Amino acid sequence: MNTIPISKEGHQALMQELERLKKERPEVVRAIKEAREEGDLRENAGYDAARERQGMLEARIKDIESRMSLFNIIDLSSLHGDKAIFGATVTVEDIDSGEEKVFTLLGPDEADYAKGSISVFSPIGRAMLGKQIGDEFTVEAPRGKISYEVIDIEFRGHRP
């Protein structure tokens, strides 16, 4: 993966998360110190919890920082066109069931299926890229192959 697309808003949210996580470091170190002072570390649940929290905190910080140089920050308000690309909100219809779904194509760091956005790197996102209204595409899903038709493409200029 050469670059990772991310919206300006998504990048800003990620940077705020990174800042918040870094501010938590002293609190976690303090919790570990206090737990150590309680004595025997073999049966010290507070110490174990603080060390686990520290591990998760440092892993998330490292994860974000390791990808920072790969981010391709995109201003969603500058996007337009008639193809499904990063930042597009695409309405598709399941050809078999007739059910319509609406997805906004975003990067993996900001995609949230529950909020209607999917990663351009997900199977459906990859299959959808470059499609225009009226195009059909098929995605391999756990329940089998699902065929969709693109009903609409719009650029809303911001995340859903």
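This briefing describes the strands, nonpolar cores and selected residues of one structure. The model is predicted. Five strands form an open sheet of mixed pairing, in the order β5-β4-β3-β7-β6. The largest nonpolar core has 24 residues, and another core, of 14 residues, lies apart from it. The structure also holds two aromatic pairs.

**The sheet as a whole**

- The open sheet has five strands, and its order is β5-β4-β3-β7-β6.
- β5 and β6 are the edge strands, each of which pairs on one side only.
- On average, and with direction ignored, neighbouring strands of this sheet are turned by 45° against each other.

**Strands β3, β4 and β5**

- Strand β3 covers residues 89–94 and strand β4 covers residues 100–106; the two pair in the antiparallel sense, over five bridges.
- Within this pairing, Thr-89 is set opposite Thr-104 of β4.
- β3 and β4 make a hairpin with five residues between the strands, and in this hairpin Gly-98 has a positive phi near 80°.
- β4 also pairs with strand β5, residues 117–119, here in the parallel sense and over three bridges.
- Thr-104 has Ser-117 of β5 opposite it, and Thr-104 of β4 also stands opposite Thr-89.

**Strands β6 and β7**

- β6 and β7 form a hairpin, with two residues between them.
- Their pairing is antiparallel and runs over six bridges.
- Glu-136 is opposite Glu-149 in β7, while Val-139 has Ile-146 in β7 as its bridge partner.
- The side chains alternate along β6: Phe-137, Val-139 and Ala-141 are buried and point to one face.
- Glu-136, Thr-138 and Glu-140 point to the other face of β6 and are not buried.

**The nonpolar cores**

- Among the 24 residues of the largest nonpolar core, those that touch the most other members are Val-90, Val-92, Ile-124, Met-128 and Phe-137.
- Two or more residues of this core come from each of β3, β4, α3 (123–128), β6 (136–141) and β7 (144–154).
- β7 gives the largest share of the core, with four residues.
- Neighbours within four places in sequence aside, Val-92 is in contact with residues including Phe-103, Met-128, Phe-137, Tyr-148, Val-150 and Ile-151.
- Val-92 is also in contact with charged-residue names on this list, among them Glu-99, Glu-100, Lys-101 and Glu-149.
- The other core, of 14 residues, includes Tyr-47, Leu-57, Ile-64 and Phe-71.

**An aromatic pair: Phe-103 and Tyr-113**

- The ring centres of Phe-103 and Tyr-113 are 6.0 Å apart and the ring planes are at 40°, so this pair is tilted.
- The pair links distant parts of the chain, with Phe-103 in strand β4 and Tyr-113 in the loop between β4 and β5, ten residues apart.
- Phe-103 counts as buried because its relative accessibility is 5%, under the 20% limit.
- Tyr-113 counts as exposed because its relative accessibility is 57%, over the 50% limit.
- Phe-103 is also one of the residues in contact with Val-92.

**Ser-147 in β7**

- Ser-147 is found in strand β7.
- Ser-147 counts as partly exposed because its relative accessibility is 23%, and partly exposed lies in between the limits of 20% and 50%.
- Outside its neighbours within four places in sequence, Ser-147 is in contact with Glu-93, Asp-94, Ile-95, Phe-137 and Thr-138.
- With Thr-138, the link is a polar contact of 3.0 Å between the two side chains.
- Phe-86 is 61 residues from Ser-147 along the chain, and the C-alpha atoms of the two are separated by 21 Å.

**Ser-119 in β5**

- Ser-119 is found in strand β5, which is one of the edge strands.
- Ser-119 is buried because its relative accessible area is 11%, under the 20% limit.
- A polar atom of the Ser-119 side chain lies 2.9 Å from the backbone nitrogen of Phe-121.
- Not counting residues up to four places away in sequence, Ser-119 touches Leu-106, Gly-107, Pro-108, Ala-111 and Gly-125.

Methods. Residues numbered from 1 in each chain as written. Predicted model: local features only at pLDDT ≥ 70, side-chain atom pairs only at ≥ 80, totals over all residues. Heavy atoms only, no water. Pairing = 2+ DSSP bridges. Core = buried A, V, L, I, M, F, W, Y, C linked by side-chain atoms within 4.5 Å. Buried < 20%, exposed > 50% of the residue type's maximum accessible area, 1.4 Å probe, protein only. Contact = heavy atoms within 4.5 Å. Phe/Tyr/Trp six-rings, centres within 6.5 Å; stacked < 30°, edge-to-face > 60°. Polar contact = N/O pair within 3.5 Å; in protein donor to acceptor, adjacent residues only side chain to side chain. Axes fitted to C-alpha atoms, helices over the stretch in contact; angles between N-to-C directions.
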